[in-house]
Amino acid sequence: MTTKINDLIDDILLCVISFLPPKDAARTSILCRRWRYLYCTCPSIAFDLRDFGGDFSGGKQSHAIRFLDIVSSTLLFYKGESLEQFKLVFNADLIYSLWHLRTYFDSFLRTAREKSVRSLSLEMSYGSLTDVHDRANEQYRKQLYCLPSFIFKCGSLQSLMLKNCTIETIGTPSLRYLAVLHLILVEGRQQSIQELITHCISLRELALEGCLLVDSLEISLLNLENLSVRCCHQMKSLRINAPNLFSLNFDGDLFDKLDFKILKSEEMRSVRLGLCHQKAPRILQTPQCSLTRVKEFTKFATELENAKHLSFVTSSFEDFAIEELQSAPLLLHKVKQLSLKGWIGSRRSILGVTILLALTPSIESLSLEFSEMMTIKKIWKLDLINSGKLILH
């Protein structure tokens with residue numbers, strides 16, 4: 001028995017359309033009368049400027065405007081009662097400031113809110129400036145598009161991902177059902193970012209990556225299970241009160257003066273630590289002495305004493321080659337699984353690995369991933385002291 005595609009119910013056809021790129025999904029409207037506005041009821045809408053190639057005879061600016069007009073017309077004719085997902089990726093490529101296009105973006109977000117969107121993803125690329133001084137420059141900030149405050153009062157949101165976006169004044173957020181929040185390369189007022197996180201009382205997953213202007217953060221969330229803080233190079237204070245925290249992923253300078261405090265959580269099982277040095281040069285600063293580095297690292301590590309799975313990722317294990325750490329009052333007895341990933345090609349780096357093994361005397365499983373394979377035999381001998389199982393990648 002042969003079944004024609006037009007014999008299928010709308011829900012199945014919408015499921016098929018949802019897997020198509022937006023441009024191809026729109027083309028289905030010319031198939032027949034039944035398909036004319038079918039794509040306008042698809043529960044998931046995703047637009048990416050990079051997927052819309054074509055004629056650049058009018059210049060990149062006019063091409064980008066045509067793209068925004070397509071998004072606008074699609075939302076205008078949208079027939080669905082609600083939106084499951086709305087995703088927009090727009091790369092201005094230094095053509096003009098995003099601020100001049102705020103009417104478009106405000107309209108998109110207003111429609112998404114009216115349609116009770118559940119998952120919202122925005123990526124606004126506007127250039128390659130990454131220096132903190134440039135980002136704080138008033139002239140630079142005038143070119144940015146600041147997210148409207150009403151988007152933070154969208155009560156239907158359950159997932160929010162912002163990349164290269166700017167958050168300024170947000171008022172009092174009302175996101176009581178938001179469970180997932182990702183802030184990637186987000187800038188703006190630190191107070192607004194803090195208020196946003198504080199008022200998302202149902203958050204289970206929080207990720208901050210490359211938020212350069214955030215130097216202090218206090219996370220107090222009862223339901224938080226997964227937390228990731230990566231490449232926030234200006235971070236000087238991080239305080240976490242999350243009794244149900246299960247997984248922590250932190251990248252930073254573990255030997256720097258960081259006010260790190262975490263409420264002991266019996267639920268926490270997995271901790272990933274990446275040694276990420278400050279990008280900004282330290283001018284007229286003398287290197288920290290060994291005892292100071294030991295003190296800073298010890299203060300950081302003791303906050304993670306309940307972790308069962310500990311992972312270190314670093315460009316070189318020479319950073320841990322501090323002989324004073326061997327006599328420091330720091331033993332992570334609860335760590336059962338230890339993962340080490342990084343470069344090892346010198347005696348000093350081997351010493352760093354030796355010290356990390358000495359700090360975790362109760363490990364049962366050891367996973368090693370090194371860039372210099374010739375040194376694995378040496379690590380094998382070290383592993384036999386404390387571990388009965390070895391996993392090599």
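**View 1. Ser119 and Ser159 face each other across two paired strands.** In this predicted model, Ser119 sits opposite Ser159, a residue of strand 4. The strands behind this pair are strand 3, which covers residues 119–125, and strand 4, and the two run parallel with 5 bridges between them. Strand 4 also has a link to strand 6: here too the pairing is parallel, and it counts 5 bridges. If you want a spot to look for on that side, take Lys163, whose bridge partner in strand 6 is Ile184. As a reminder of what holds such neighbours together, strands in a sheet pair through backbone hydrogen bonds, in either a parallel or an antiparallel way.

**View 2. The whole protein, before going further in.** Stepping back for a moment, you can count 10 helices and 18 strands in the protein. Of its 393 residues, 46% are buried. Now take the contacts between residues with a separation of 6 or more: 59% of them involve residues 24 or more positions apart. As for the outside, the accessible surface adds up to about 20200 Å², and carbon and sulfur atoms hold 53% of it.

**View 3. Asn164 and Glu168, two buried loop residues.** Start with Asn164, which you'll find in the loop between strand 4 (159–163) and strand 5. Its phi is near 60 degrees, a positive value in a residue that isn't glycine. That's worth a look because most residues other than glycine have a negative phi. Is Asn164 buried or exposed? Asn164 is buried, since its relative accessible area is 13%, and the cut-off for buried is under 20%. Next comes Glu168, in the loop that runs between strand 5 (166–167) and strand 6 (180–184). Glu168 has a relative accessibility of 17%, so it counts as buried as well. Its side chain has a partner to look for: a polar contact of 3.2 Å joins it to the side chain of Arg189.

**View 4. An open sheet of three strands.** This sheet is open and has 3 strands in the order 9-11-13, paired in parallel. Which strands stand at the edges? They are strand 9 (216–220) and strand 13 (259–262); each has a single partner strand, so one side of each has no neighbour in the sheet. Going from one strand to the next, the twist averages 5 degrees.

**View 5. Strand 9 next to strand 11.** Zooming in on the same sheet, strand 9 pairs with strand 11 (residues 237–241) in the parallel sense, over 5 bridges. Two spots let you follow the pairing: Ser216 has Ser237 of strand 11 as its bridge partner, and Ile219 stands opposite Ile240 in strand 11. Strand 9 also has two faces to tell apart. Leu217 and Ile219 make up the covered face, while Ser216, Glu218 and Ser220 are on the uncovered one.

**View 6. Cys231, in the loop leading to strand 11.** Cys231 lies in the loop between strand 10 (226–230) and strand 11. Here is another positive phi in a residue other than glycine, this time near 55 degrees. How does Cys231 sit with respect to the surface, buried or partly exposed? With a relative accessible area of 23%, Cys231 is partly exposed.

**View 7. Helix 8 and what covers it.** Helix 8 takes in residues 290–301, which makes 12 residues. From its first C-alpha to its last it reaches 16 Å, close to the 16 Å expected at 1.5 Å a residue. The buried residues here are Val294, Glu296, Phe297, Thr298, Phe300 and Ala301. What covers them? Among the elements that do are strand 12 (247–252), strand 13, strand 14 (270–275), strand 15 (309–314) and helix 9 (347–359). You've met strand 13 already, as an edge of the open sheet.

**View 8. Asp69 reaches Tyr104 from helix 3.** Asp69 belongs to helix 3 (residues 59–76). With 37% relative accessibility, Asp69 counts as partly exposed. What joins the side chains of Asp69 and Tyr104? A polar contact of 2.9 Å does. In sequence, Asp69 and Tyr104 are 35 residues apart, and in space their C-alpha atoms are 8.4 Å apart.

How values were computed
Residues are numbered from 1 along each chain as its sequence is written. This is a predicted model: local features need pLDDT of at least 70, side-chain atom pairs count only at pLDDT 80 or more; totals for chains, interfaces and linings use all residues. Side-chain values use heavy atoms; hydrogens and water are left out. Two strands pair if DSSP finds at least two bridges between them. Helices (H or I, at least four residues) and strands (E, at least two) are DSSP runs, numbered from the N terminus. Axes are lines fitted to C-alpha atoms, for helices over the stretch in contact, and angles run from 0 to 180 degrees between N-to-C directions. The expected span of a helix is 1.5 Å times one less than its number of residues. Buried means under 20% relative accessible area, exposed over 50%, partly exposed in between (1.4 Å probe, protein chains only). Contact means heavy atoms within 4.5 Å. A polar contact is a pair of N or O atoms within 3.5 Å; within protein, one must be able to donate a hydrogen and the other to accept it, and residues adjacent in sequence count only if both atoms are side-chain atoms. Accessible areas come from the Shrake-Rupley method with a 1.4 Å probe; for residues, only the protein chains shown count as cover.
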